[in-house]
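User: Could you pick one part of this model, look at it closely, and then work outward from there? I'm just starting out, so plain words please.

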Amino acid sequence: MEEKIYQNFDQPQENPLEIVPEKKLKISLSPKIILLIILGSIIFVLLLLSLVVTQTRHSANKTVNIIPTPTTVTINSDNNNSLIPSPYQSEFQKINNYTSQDLDLPAPQVDTEIGL
Amino acid sequence: MWLLLFLFLARPIFAQKFTDLYTQYRTDYLYQRDQYQQNYSNYLNKKNIYLQYGTTATEKDKIDATKAVFLSRNSLLKDYLMALRVALNQNSNYSDNTTDIQTKLQDNEKWLDTQNQLIPDLNSSIALSNWVQTFKTHHVSIQTIANTALLQYQINLRLNTLDNIEKLANSAQIDWTDTYNNQSETIKSLFSEAYALTQQVQREDEFTDFYPEAKDYLNQSDIKLKNLISDLRSYLVKKGN
């Protein structure tokens with residue numbers, strides 16, 4: 001088997017004690033491209049602003065022009081009772097509201113195991 | 001002339017007195033309920049301390065707290081029965097059972113009063129345990145009469161409504177005898193069935209609550225009563241046109 005001859009090139013890149021910082025890549029932009037980027041960002045901001053203003057105006061118009069929603073007409077018992085001849089109305093109302101006279105007396109909750 | 005004036009004035013005064021008395025008893029009852037809850041909380045606290053340390057001093061504290069909660073529990077029940085008894089004065093003429101129920105309520109109030117005179121003399125855990133057994137047995141009859149009174153109050157209110165319906169129909173000269181009589185009989189039979197549940201024999205040591213079942217009958221009677229009121233409205237409206 002043929003022996004490889006060791007060679008120490010002793011180059012600075014291969015010496016671990018000497019770390020040479022990598023060269024930073026410098027992107028060079030031409031002034032035209034920078035101008036384009038600035039203009040593009042201004043246009044983008046203006047577009048955003050116009051969108052916000054449009055939305056705000058649209059919502060303000062909405063609050064002014066409220067579309068009337070259909071309401072359901074409920075027949076109130078009082079109105080219904082108004083059809084009853086007036087001499088009988090108060091007595092009828094009393095009869096109709098009889099459940100309001102039910103007792104409002106909560107039952108006592110007591111522990112019968114106290115003392116055991 | 002003076003007699004007529006007196007009679008004219010006497011009726012509203014009586015009505016006002018009833019409402020005031022009931023309101024007063026109800027307020028007393030609610031106050032007593034708060035007192036009971038405070039004493040009950042204190043009792044639980046003292047009981048836990050006694051269970052933790054088991055000393056003579058902590059046992060004495062527990063006995064005192066137990067006596068205090070017994071006293072406030074009895075007062076609470078008594079105030080509840082009193083409020084029910086006074087409430088039953090309203091529309092009491094519609095049922096013969098009412099007076100009997102009021103008498104039983106009063107008997108139980110007296111029993112609770114008597115017990116509150118005995119409780120301060122109970123000074124040992126054994127004496128307290130014996131009293132608890134006496135109370136538990138009597139508590140069944142307290143619950144029975146309280147729920148019976150509550151039910152009777154509601155029956156009387158509905159009987160009064162039935163009577164008012166008939167009176168209004170008569171004063172408006174409405175001819176609906178058949179409709180009224182049929183409905184009225186059905187409603188009254190539901191009241192009878194509800195009341196019959198209150199008469200079932202209770203076990204000595206455990207209360208069987210009949211009220212929810214009885215309340216079902218009352219709810220059925222309410223549906224029929226509302227229908228009758230609706231019919232009356234139709235007749236009255238027709239009368240007005």
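Analyst: One rule before we dive in: a residue counts as buried when its relative accessible area is under 20%, as exposed when that value is over 50%, and as partly exposed in between. Also keep in mind that this is a predicted model.

Let's pick B:Asn147, which you'll find in helix H4 (residues 125-171) of chain B. Is B:Asn147 buried or exposed? Its relative accessible area is 13%, and the cut-off for buried is under 20%, so B:Asn147 is buried. What does it touch, if we skip its neighbours within four places in sequence? The answer is B:Phe207, B:Asp209, B:Phe210 and B:Tyr211.

Just before that stretch in the numbering, we can look at a charged pair. B:Glu206 and B:Arg203 meet through their side chains in a salt bridge, at 3.6 Å from N to O. Neither is buried: B:Glu206 is partly exposed at 45% relative accessible area, and B:Arg203 is partly exposed too, at 47%. Elsewhere, salt bridges with shared partners tie A:Asp102, B:Arg158 and B:Asp222 into one network.

Staying in chain B, here are two more pairs to compare. B:Glu109 and B:Arg85 form a salt bridge whose closest N and O atoms are 2.8 Å apart. This one ties together distant parts of the chain: B:Glu109 belongs to helix H3 (residues 97-118) and B:Arg85 to helix H2 (residues 56-87), with their positions 24 residues apart. Both partners are buried. Now take B:Asp100 and B:Lys104, whose side chains meet in a salt bridge at 3.6 Å, N to O. They sit 4 residues apart in helix H3 of chain B, so about one helical turn separates them. Here B:Asp100 is partly exposed at 39%, and B:Lys104 is partly exposed at 40%. Over all chains, the structure holds 10 salt bridges.

Next, the place where the chains meet. How many residues does each chain bring to the contact? Chain B brings 46 and chain A brings 30. Between them they bury about 3,500 Å², with 64% of that on carbon and sulfur atoms. On chain B's side, B:Leu157, B:Leu168 and B:Arg233 supply 16% of the area it buries against chain A, more than any other three residues. There are 3 salt bridges across this interface. Another pair to find in the view is A:Glu113 with B:Lys136, whose side chains form a salt bridge at 2.7 Å, N to O.

Finally, hop over to chain A. In its helix H3 (residues 86-96), A:Tyr88, A:Phe92, A:Ile95 and A:Asn96 are buried. Why do they count as being on the same side of the helix? They cover an arc of only 85 degrees around the axis, which puts them together on one side. On the other side of H3 in chain A, A:Ser86 and A:Ser90 are exposed.

Chain A also has a nonpolar surface patch of about 1,100 Å², with A:Leu29, A:Ile33, A:Phe44 and A:Leu48 among its members. A:Leu48 is in helix H1 (residues 31-64) of chain A and is partly exposed, at 45% relative accessible area.

Technical notes
Residues are numbered from 1 along each chain as its sequence is written. Chains are lettered from A and ligands numbered from 1 in the order in which they are written. This is a predicted model: local features need pLDDT of at least 70, side-chain atom pairs count only at pLDDT 80 or more; totals for chains, interfaces and linings use all residues. Side-chain values use heavy atoms; hydrogens and water are left out. Buried means under 20% relative accessible area, exposed over 50%, partly exposed in between (1.4 Å probe, protein chains only). Helices (H or I, at least four residues) and strands (E, at least two) are DSSP runs, numbered from the N terminus. The arc is that of the directions from the helix axis to the C-beta atoms. A salt bridge is a side-chain nitrogen of Lys or Arg within 4 Å of a carboxyl oxygen of Asp or Glu. Patches are made of residues with over 30% relative accessible area and no salt bridge: like charges are joined within 9 Å, nonpolar side chains (Val, Leu, Ile, Met, Phe, Trp, Tyr) within 5 Å. Accessible areas come from the Shrake-Rupley method with a 1.4 Å probe; for residues, only the protein chains shown count as cover. Contact means heavy atoms within 4.5 Å. Buried area is the accessible area (1.4 Å probe) that two parts lose on being put together, summed over both.
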